Amino acid sequence: MEHVLTASGLTKDYRGSRALDGLSLHVPKGSIYGLVGRNGAGKTTLIRILCGLQSHTAGEYAIYGVDSGEKGIAEARRRLGAMIEGPAVYQELTGAENLALQYRVLGRRDFNTIPDLLKLVGLENTGKKKVKHFSLGMRQRLGIAVAMAGEPELLILDEPVNGLDPQGIIEMRRLLQRLNRDRGVTILISSHILDELARLATHYGFIDSGRMVEEIAAADIPESLEEHYMKLMGGEQCG
């Protein structure tokens, strides 16, 4: 099985605390990998390290086979897109203007593809409406579009359905399924909403106190995701 993301012994120390403690990770190509754990378990720290936003203290990780210590890691990281701690969008710009700005950052000049990207995330009819007038669900989907601006093969999302109403959750789920099914994008998604992850994920990684407790394919879980989580974590709630 080919893995697009791996980690071994990954550790992150802050002053007086350890956020990651020898964590391992194996994300299969083409999967929707659900990263499960309570708040403070280390999910966001892991994601920020993988995206190059934080350094790690010990251990190693690799993106598409390129080790984090190698010169090629920056180029390998260009194969991923991410939305961390909410969408990185400008409120005073339209959806199309936000994407045009991201295209410029990435060095893309094919701005004629922006309407297709807006259509992909269901925002093709927003016209001149500024992002500040978007619903939360619309802003989240625009954040996905910004993350997809570089046509990544891997998408990393931190709590993409957090705060969404039921309709927004359904729209986000369908979008991620289309990206995975129709475009072959591997998705790593961190969430504490177990019911929604159960509808999406093909594989899971269960994190607790900065350690990977278990990695397992969805098809190999003998009970519901919630029941399996409760058994692994000794009855502690996710979230």
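Partly exposed residues are those whose relative accessible area lies between the buried class, under 20%, and the exposed class, over 50%. The views below are taken from a predicted model.

**Figure 1. A salt bridge links Arg38 to Asp208.** The closest N and O atoms of the pair are 2.5 Å apart. Arg38 belongs to the loop between strand E3 (32–36) and helix H1 (43–50), whereas Asp208 is in strand E9 (residues 203–208), so the bridge ties together parts that are 170 residues apart in sequence. Asp208 has a relative accessibility of 21% and therefore counts as partly exposed. Arg38 is likewise partly exposed, because its relative accessible area is 26%. Across the whole structure, a search finds 15 salt bridges. Side chains of opposite charge can pair when their charged atoms come close.

**Figure 2. Asp195 and Arg199 form a salt bridge within helix H7.** Their closest N and O atoms are 3.5 Å apart. Asp195 and Arg199 are 4 residues apart in helix H7 (residues 194–200), so about one helical turn separates them. Asp195 counts as exposed, at 52% relative accessibility. Arg199 is partly exposed, with a relative accessible area of 47%. Elsewhere, Asp13, Arg18, Asp21 and Arg211 are joined into one network by salt bridges that share partners.

**Figure 3. Arg173 of helix H6 touches Glu196, Arg199 and Leu200.** Helix H6 comprises residues 166–183. The contacts named in the title leave out residues up to four places away in sequence from Arg173. Arg173 counts as buried because its relative accessibility is 15%, and the limit for that class is under 20%.

**Figure 4. Arg181 pairs with Asp182 in a salt bridge.** The closest N and O atoms of this pair are 3.1 Å apart. Both Arg181 and Asp182 are exposed.

**Figure 5. A nonpolar patch on the surface is formed by Tyr90, Leu101, Val105 and Leu106.** Together these four residues have about 370 Å² of accessible area. Val105 is found in helix H3, which spans residues 95–106. With a relative accessible area of 62%, Val105 is exposed.

**Figure 6. Helix H8 carries the buried residues Leu225, His228 and Tyr229.** Helix H8 spans residues 225–232. Viewed down the axis of H8, its buried residues fall within an arc of 100°, so they line one face of the helix. The cover over the buried residues of H8 includes E3, H7, E9 and strand E10 (211–217). Gly234, just after H8, takes a positive phi of about 65°.

**Figure 7. Tyr64 and Glu151 have positive phi values although neither is a glycine.** Most residues other than glycine have a negative phi. Tyr64 has a phi of about 50° and lies in the loop between strand E4 (58–63) and strand E5 (66–67). At 16% relative accessibility, Tyr64 counts as buried. Glu151 also has a phi of about 50°. The loop that holds Glu151 runs between helix H5 (136–147) and strand E7 (154–158). Glu151 counts as exposed, at 57% relative accessibility.

**Figure 8. Val146 of helix H5 is in contact with Ala88, Val89, Leu99 and Gln102.** These contacts leave aside the neighbours of Val146 within four places in sequence. Val146 is buried, with a relative accessible area of 11%. Val146 and Ala82 are 64 residues apart in sequence, and their C-alpha atoms are 8.6 Å apart in space.

Terms used
Residues numbered from 1 in each chain as written. Predicted model: local features only at pLDDT ≥ 70, side-chain atom pairs only at ≥ 80, totals over all residues. Heavy atoms only, no water. Helix = DSSP H or I, 4+ residues; strand = E, 2+ residues; numbered from the N terminus. Buried < 20%, exposed > 50% of the residue type's maximum accessible area, 1.4 Å probe, protein only. Contact = heavy atoms within 4.5 Å. Salt bridge = Lys/Arg side-chain N within 4 Å of Asp/Glu carboxyl O. Patch = residues over 30% accessible without salt bridge, like charges linked within 9 Å, V, L, I, M, F, W, Y side chains within 5 Å. Areas by Shrake-Rupley, 256 points an atom, 1.4 Å probe, with all protein chains shown as cover. Arc of directions from axis to C-beta.
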